[in-house]
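Work through the following exercises with the sequence and the structure side by side, and try each task before reading its solution.

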Amino acid sequence: MEVEQIRRIYEAMDANGFSNIELELGEDNKIRIQLDVPPVVTYTGEALPVFADEANGPVRTQVEIRSDKVGFFSFADRQLKVGDRIKKGEILGSIKGISFQDRVKCSLDGVIASVEVEPGLIVDYGRLLFVVNID
Amino acid sequence: MFSKILIANRGEIAVRIIRTCRRMGVKTVAVYSEADQNSLHVKMADEAYCIGPARPDMSYLNIPNILSVAHASNCEAIHPGYGFLSENPSFAEIVEKCGFVFIGPEYRAIERMGQKSVARDLMIRSGVPVMPGSQGSVEDVNEALVIARQIGFPVLVKATSGGGGKGMRLVEREEDFAKLFAMAQGEAESSFADKRVYVEKYMRNPRHIEVQIIGDRHGKVVALGERECSIQRRHQKLIEESPSPAVSPELRRQLAETAIKAAKAINYHNAGTIEFLLDSDGKFFFMEMNTRLQVEHPVTEMVCNFDLVELQLLVAAGEPLPIEADLVEPHGWAIECRINAEDPAIGFVPCPGLIEKYLVPGGPWVRVDSAAYQGYLISSNYDSMVAKLIVWGRTRNEALDRMSAALQEYEIKGIETTIPFQLYVMNHPDFRSGNFSTSFVDKHFSAFLAELNENNSQEKAAVAGA
């Protein structure tokens, strides 16, 4: 693997809020890249992958959807509950602050594993909204 | 009075404001960054909301998130504390436009006083003495040089939007003027995105004296005596006291009248501080106005017997000041030491870290304003202040003795602090005599270091001999 390729992966990770990544390039040929950032996910109301433990490689199973704004939460078209199937890009709800309304989206297909909010609740920065089992 | 307010700040000052609110029955809403989730202000407030990551620009300076918290939690007013957004006129304006009360002056007053050359011109027009210098800012170096010659060297070239010594150059000799003028302009542009500078006479060894004022919305302005803040290092105050040993009752009256005149000139309401430079002949000159509560406000509270945060809430709520006189005369003497997580032995470098052991001093007339506790991690993301230690005495010497004893009693393990230096100052004959200036720290720092090294080697010898 070229240094330039690693550099590009590094930049892409930084831009997308990933702090570490492990790539399999062939048998017994793994590369792990870790950014020098605290191990917290950044939140955009978008889904962010939760990695399984490192021994099992980069298996994406669940995503946590958190708030990066402060305001009142409300559901979108339907009040989601555990077991509901959601589609990539679907709007799950919104956060209404004093000067904005931010949509909460999921960027992957999956099934709701837990609902951590209720309508009218004040959600603050970093607050867990949903956990989604992804396909 | 308000039933609920938001505190747009952290640490010591947030805790300080919460204490007064609790006593007054006003509910408080704290905001915090991810780095501060275990902070005392978060625990003490009635409600607390995370507004962003550790970086100040994404949390404590994040205006949309702060206002969203105020809106969602039904606050009526916002107290900005000091630092962060406290002197940001746009913030004060947006707060008002969103229907909240800003616990501070009107945004236009913040704006005018924030621009140093504008403030200077305003003071000249109001008959407040200012250091001789240029009228407003000067762009052209030759024009500036003419002014510098008129007022006589040494002169200061200062950034119009400046603060904290940035964009400021001392010019001792005429031949260095052009070079240093350009440097000040460059630094002003890079630090404040505003290259305007002005020229002012430089005073050697002045004293830094400031007057606390507070105004209500009915036109009344009161001066609550002065504070002496000459013990500072690179424009950072280390020790403050009230009253000042250099201020006579007559001078106090003159300072108070001048400060009230300055405040009335801009229809000022809420708490503010007018800073003056005082020369050895008792002549004083306007330096700047801070349009917020100051770090060192407790020394004023201790000698004037008023809770300044309470007064701020009262006047912000539209109530008249409960003070008859124009000048509140000081009763006794109060001193404050800012205990910072800095190592004086290596040039006061900040040394944030975990407080492993923490024991605060006590006894009569000893006050500690702090958000620290045992097991608290001082974050490198914010300023390095651990606590403010304030004592009161009937006389200056009694206050100094009490401070000296309290500093010795203060136990903070795990981090280095400024306590050894402050203890040295408390017992220094020049400080005791009351005859000192802003050059005190530079003048006596090497003697302090020598004494510190001596004590350390004696301790080692005692351990070795035991």
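**Exercise 1. Confidence in chain A**

In chain A, where is confidence lowest and where is it highest?

Solution. Begin by recalling that this is a predicted model, and then compare the elements of chain A: confidence is lowest in strand 3 (residues 48-51), with a mean of 47, and highest in strand 10 (residues 122-123), at 96. Next, look at the stretch of residues 36-54 of chain A, where the pLDDT is below 50, although this stretch has 41 contacts in the model beyond near neighbours in sequence. Where pLDDT is low, the predicted coordinates should not be read in detail. Finally, take chain A as a whole, for which the mean pLDDT is 75 and 56% of the residues reach 70 or more.

**Exercise 2. The make-up of chain A**

Describe the secondary structure of chain A and the share of its residues that are buried.

Solution. Counting the elements gives one helix and 11 strands, and reading along the sequence shows the pattern α-β-β-β-β-β-β-β-β-β-β-β. Turning to burial, 22% of the 135 residues in chain A are buried. As a last step, consider the contacts in chain A between residues at least 6 apart in sequence, of which 52% join residues at least 24 apart.

**Exercise 3. Where the chains meet**

How many residues of chain A are in contact with chain B?

Solution. On one side there are 12 residues of chain A, and they are in contact with 14 residues of chain B. Sorted by class, the side of chain A that touches chain B has six nonpolar, four polar and two charged residues.

**Exercise 4. Two helices of chain B**

Determine how helix 4 (residues 89-97) and helix 5 (residues 107-114) of chain B are arranged relative to each other.

Solution. The axes of helix 4 and helix 5 of chain B come within 8 Å and cross at roughly 175 degrees, and therefore helix 4 of chain B is roughly antiparallel to helix 5 of chain B. Then find the residues that meet: Pro89(B), Ala92(B), Glu93(B) and Glu96(B) in helix 4 meet Tyr107(B), Ile110(B), Glu111(B) and Gly114(B) in helix 5. By class, this contact has four nonpolar, one polar and three charged residues. To complete the picture, note that Tyr107(B), Ala109(B), Ile110(B), Arg112(B) and Met113(B) are buried in helix 5 of chain B, and that the buried residues of this helix pack against helix 4, helix 6 (116-125) and strand 13 of chain B.

**Exercise 5. Backbone details in chain B**

Locate the cis peptide bonds that end at Pro154(B) and Pro243(B), and then examine the positive phi of His235(B) and of Asn267(B).

Solution. A useful background is that most residues other than glycine have a negative phi, and most peptide bonds are trans. The cis bond between Phe153(B) and Pro154(B) has an omega of about 0 degrees, and Pro154(B) lies in the loop between helix 7 (141-151) and strand 6 (155-163) of chain B. The bond from Ser242(B) to Pro243(B) is also cis, with omega near 0 degrees, and Pro243(B) is in the loop between strand 11 (236-242) and helix 9 (249-265) of chain B.

For the phi angles, His235(B) has a value of about 65 degrees and counts as exposed, because it has 12 C-beta neighbours inside 10 Å. Asn267(B) has a phi of about 50 degrees and counts as partly exposed, because it has 14 C-beta neighbours inside 10 Å.

Methods. Residues numbered from 1 in each chain as written. Chains lettered and ligands numbered in written order. Predicted model: local features only at pLDDT ≥ 70, side-chain atom pairs only at ≥ 80, totals over all residues. Contact = placed C-beta atoms within 7 Å. Nonpolar A, V, L, I, M, F, W, Y, C, P; charged D, E, K, R; others polar. pLDDT = per-residue confidence, 0-100. Helix = DSSP H or I, 4+ residues; strand = E, 2+ residues; numbered from the N terminus. Buried ≥ 20, exposed ≤ 12 C-beta atoms within 10 Å, placed from the backbone. Axes fitted to C-alpha atoms, helices over the stretch in contact; angles between N-to-C directions. Parallel < 35°, antiparallel > 145°, perpendicular 65-115°, else oblique.
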